[in-house]
Amino acid sequence: MTHARPAVHLAFYTTVVNRRPSKEFLRALLIFGLTLLILSLVLFSIRSHLSVATSALVLVIPVVVGVVAGGFSVGVVGVLSGFVVYDYFFIPPYYTLNVGAASNWVALVVYVVVVGILARVVASLRSARAQAIRRSEDLERLAVITQRLVTDLPMGEILPQILSDLVAAFGLQGAAVYLPTYDGLTELSGVGEAILPDELAALVPRGGGIGTVVKSEHRSKTYWRLVPLIAGADVVGGLVLKGDDALPYRDDLMRSFANALAALLQKHSLRLEAMRNSELEERDRWRRALLGSVSHDLRTPLASLTTSASTLAELKEELSTEQREELLATIERQSLRLARLVENLLDSSRIEANMLAPRIANVDTRELIDEALGAFGEAERALVHVTLDESIPSVAVDHVLVAQALANLIENGLRYCEPSTGVDVSATSTDSRVEIGVRDRGPGVDPSLGGRIFGRFEKGAGSPGAGLGLWIAQSFVELNGGIIGFREAADGGSVFLIDLPTANEMMVDG
Amino acid sequence: MVETAKIAIIDDDESLVRALQIALRARGHTVVTAGAATTGVELVALEQPEVVILDLGLPDRSGLSVVRELRSFTGCAILVLSAAGDEEMKIKALDDGADDYLTKPFSMRELEARLRVALRHRSGQGAPTTTERITTDRLEIDLPARRVMVDDVEVELSHKEFELLAFLARNAGRVCTHQMILREVWGPGYATELHYLRVYANRLRKKLDDPEGEVLRTSPGVGYQLVV
């Protein structure tokens with residue numbers, strides 16, 4: 001379906017001529033009257049010294065002043081009243097409208113003609129000047145809108161500004177921009193008096209949406225109008241204006257406003273679409289990776305669990321005590337591994353959903369490390385060597401989150417360490433920070449990973465795990481105002497470091 | 001009494017290997033293990049096991065290449081384990097010469113059932129069987145005479161039905177993939193005509209009085225296996 005660009009909608013931006021005398025007109029009339037009165041009094045006092053023609057010349061002045069102040073309509077009043085005053089007071093016989101001598105007739109006619117022409121010329125000069133001023137104002141407003149359009153402010157800030165400009169420029173009560181949605185119109189932004197639902201409903205064309213033509217409605221003294229915002233061939237939104245008078249519009253400026261708004265809306269919707277797409281892609285990647293880790297990383301511990309448990313169940317009698325104990329230990333270890341993995345998956349969903357609010361309290365550093373070790377079975381714990389000074393201060397963190405981060409670092413270390421050397425956990429402190437180090441003497445970090453080691457789903461070639469552990473560790477540490485990092489140890493292996501704020505006296509102990 | 005055998009396990013998951021080792025040893029089998037593809041191939045060459053339990057997700061090399069390499073020098077039964085749940089990988093392994101597969105996690109009972117089938121079939125010889133007569137509890141197939149007896153009663157089979165049964169019988173105990181069967185029985189142009197196979201497998205089951213598929217077993221999404 002093609003949208004014919006509506007030609008009609010321009011016709012609605014016509015100037016509405018005001019029928020009531022405006023304040024400006026009355027003011028100009030007053031200025032004219034006063035000038036006429038003063039000059040007439042002066043002329044009257046020295047009337048005997050003046051010729052008929054001189055008085056006519058002087059009486060041109062109030063009419064010119066009146067036209068300059070109020071336009072041609074004041075000029076018409078001026079010519080008529082000037083004629084009467086001139087004839088009555090300054091053309092003998094005085095105090096009658098009779099015109100005596102033929103020369104006086106000439107003076108009177110010349111006066112009327114000259115004043116009439118002058119009023120005409122001055123009035124057109126005046127309107128030309130007013131138009132020029134208006135045009136420069138329009139240009140200024142346009143410049144402001146253009147400026148707003150190119151700024152990279154969010155839509156939510158630009159739109160109200162443009163609407164405020166609009167309300168100020170046209171003396172409106174309110175203005176709002178609507179977007180067409182599947183179930184009607186949704187207000188995107190509004191300024192000034194709200195557009196009531198029934199007012200809006202009256203503007204919506206039959207069949208819903210915004211349509212392609214301007215639609216106006218009024219109820220007693222309230223006028224409102226829907227202007228479609230068209231970009232290219234699409235109606236991207238609607239501008240609703242509300243005023244207490246027949247809405248005064250000027251074609252060019254109004255059109256510029258509408259075009260600017262349409263362009264803005266289109267830009268906005270394009271950007272939104274791009275954002276939604278990248279968000280979808282990210283979600284898709286996340287889901288795929290999650291599925292991958294569920295099918296591989298959950299099945300691997302489950303395989304040993306199932307095999308060990310079913311062996312115990314089926315071969316109860318044939319197994320020696322040692323074999324039974326080994327199978328039971330495997331079950332314990334794999335259950336814990338599975339629990340950590342599930343915990344990590346849940347944690348990453350929580351991070352994803354921004355659901356984590358750390359509850360910071362003072363925690364003893366040693367207790368924090370013990371809590372992290374609680375996630376491991378006895379055999380694995382035996383591989384972790386903790387060396388801590390008595391003097392290590394407490395830290396101010398959420399112990400649940402930071403212990404989980406530490407556990408992830410330890411698990412990572414255990415994965416790569418040699419059983420003979422294990423994993424070393426130690427801590428150093430300065431006045432305000434405690435640094436906990438987790439060190440393994442494994443092969444070091446896969447250089448192809450480089451700085452992405454803390455990235456989500458990043459893992460070394462051939463490495464087990466979903467690539468979530470270090471990402472979660474980083475997220476949790478940073479949520480607690482800490483810093484996470486790693487370096488290659490000089491004598492082989494990697495050291496992961498967590499830098500945490502020390503306990504705060506103001507804080508309650510955890 | 002279940003027969004015992006020498007079994008090689010090639011898997012990098014130590015916990016699983018340990019548990020399998022305990023279970024299989026308790027059943028009287030001899031178990032040797034390797035944690036990677038290269039050491040695994042050496043182990044098989046050295047120990048000459050009757051069955052190889054091979055994980056497809058090894059750290060150093062693709063499990064598929066291990067299947068191909070093993071097949072180049074041994075006729076032992078190969079049982080592949082996959083953790084990925086990846087159908088395609090399994091099918092490729094079977095096409096490349098694996099006999100059967102198990103998806104992790106599996107129970108000991110499942111593994112023992114597969115082992116039993118593999119052992120019975122492979123007992124003592126390599127490659128596809130050259131036996132002319134195949135007999136099970138109720139079934140007797142005489143390949144050169146093209147004769148099939150169920151419970152000592154001869155069954156009339158159509159040409160294609162017999163070809164299908166004969167192919168599975170020659171590979172008895174082994175999971176044959178759809179493609180493998182279609183290519184061999186119907187010809188190279190029929191490799192994707194799955195419905196032919198379904199129709200004939202159903203007809204065969206009816207004629208062999210095997211409604212539950214206990215003799216002609218279905219491996220869903222993979223293929224068929226004649227259980228002997």
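This report walks through the two chains, their cores, their aromatic contacts and the contact between them.

First, some ground rules: this is a predicted model, in which local features need pLDDT of at least 70 and side-chain atom pairs count only at pLDDT 80 or more, while totals for chains, interfaces and linings use all residues. Residues are numbered from 1 along each chain as its sequence is written, chains are lettered from A and ligands numbered from 1 in the order in which they are written, and side-chain values use heavy atoms, with hydrogens and water left out.

**The two chains**

Here is how the chains look in outline. Helices (H or I, at least four residues) and strands (E, at least two) are DSSP runs, numbered from the N terminus. Buried means under 20% relative accessible area, exposed means over 50%, and partly exposed is in between (1.4 Å probe, protein chains only). A contact means heavy atoms within 4.5 Å.

| Chain | Helices and strands | Residues | Buried share |
|---|---|---|---|
| Chain A | 13 helices, twelve strands | 510 residues | 40% |
| Chain B | eight helices, twelve strands | 228 residues | 54% |

In chain A, 65% of the contacts between residues at least 6 apart in sequence join residues at least 24 apart. For chain B, residues 24 or more positions apart account for 58% of the contacts with a separation of 6 or more.

**The nonpolar cores**

A nonpolar core here is a set of buried Ala, Val, Leu, Ile, Met, Phe, Trp, Tyr and Cys residues joined through side-chain atoms within 4.5 Å. The largest one has 44 residues, and L368(A), L406(A), L409(A), I410(A), I436(A) and L500(A) touch the most other members. Quite a few elements of chain A chip in with at least two residues each, including α9 (321-352), α10 (365-373), β9 (423-429), β10 (433-440) and β12 (494-501). The largest share, nine residues, comes from α12(A).

Zoom in on L409(A): leaving aside neighbours within four places in sequence, L409(A) is in contact with V438(A), L470(A), A473(A), I484(A), F496(A) and I498(A). Apart from this core lies another, of 31 residues, with I145(A), L229(A), L241(A) and A258(A) among them.

Two further residues help fill in helix α12. A405(A) belongs to that helix of chain A and is buried, with a relative accessible area of 0%. Not counting residues up to four places away in sequence, A405(A) touches A473(A), F476(A) and V477(A). A405(A) and G469(A) are 64 residues apart in sequence, yet 7.9 Å apart in space, C-alpha to C-alpha. Q404(A) also has its place in helix α12 of chain A, and at 16% relative accessibility Q404(A) counts as buried. With the same sequence neighbours left out, Q404(A) touches E343(A), N344(A), D347(A) and F476(A).

**Aromatic contacts**

Rings of Phe, Tyr and Trp (its six-membered ring) pair if their centres lie within 6.5 Å; planes under 30 degrees apart count as stacked, over 60 as edge-to-face and the rest as tilted. Over all chains the structure holds 13 such pairs. One of them is Y86(A) with Y111(A), a tilted pair at 5.1 Å centre to centre and 45° between the planes. Y86(A) lies in helix α4 (residues 72-90) of chain A and Y111(A) in helix α5 (residues 102-150) of chain A, so the pair ties together parts that are 25 residues apart in sequence. Both Y86(A) and Y111(A) are buried.

F44(A), Y88(A), F89(A), F90(A), Y94(A) and Y95(A) form one aromatic cluster. Charges get involved too: a charge sits over a ring if NZ of Lys or CZ of Arg is within 6 Å of the ring centre and within 35 degrees of the ring normal. R47(A) lies over the face of Y94(A), 3.5 Å from the ring centre, and the charged end of R120(A) sits over the ring of F72(A), 4.4 Å from its centre.

**A helix in chain B**

Helix α7 (residues 178-186) of chain B has H178(B), M180(B), I181(B), L182(B), V185(B) and W186(B) buried. The buried residues of α7(B) pack against elements of chain B including α4 (87-95), α6 (159-170) and α8 (194-207). Just after α7(B), G187(B) takes a positive phi of about 120°.

**Where the chains meet**

The contact takes 22 residues from chain A and 21 residues from chain B. Chain A and chain B bury about 1,900 Å² between them, 58% of it on carbon and sulfur atoms; buried area is the accessible area (1.4 Å probe) that two parts lose on being put together, summed over both. On the chain A side, R299(A), T307(A) and E314(A) lose the most area to chain B, together 30% of what that side buries.
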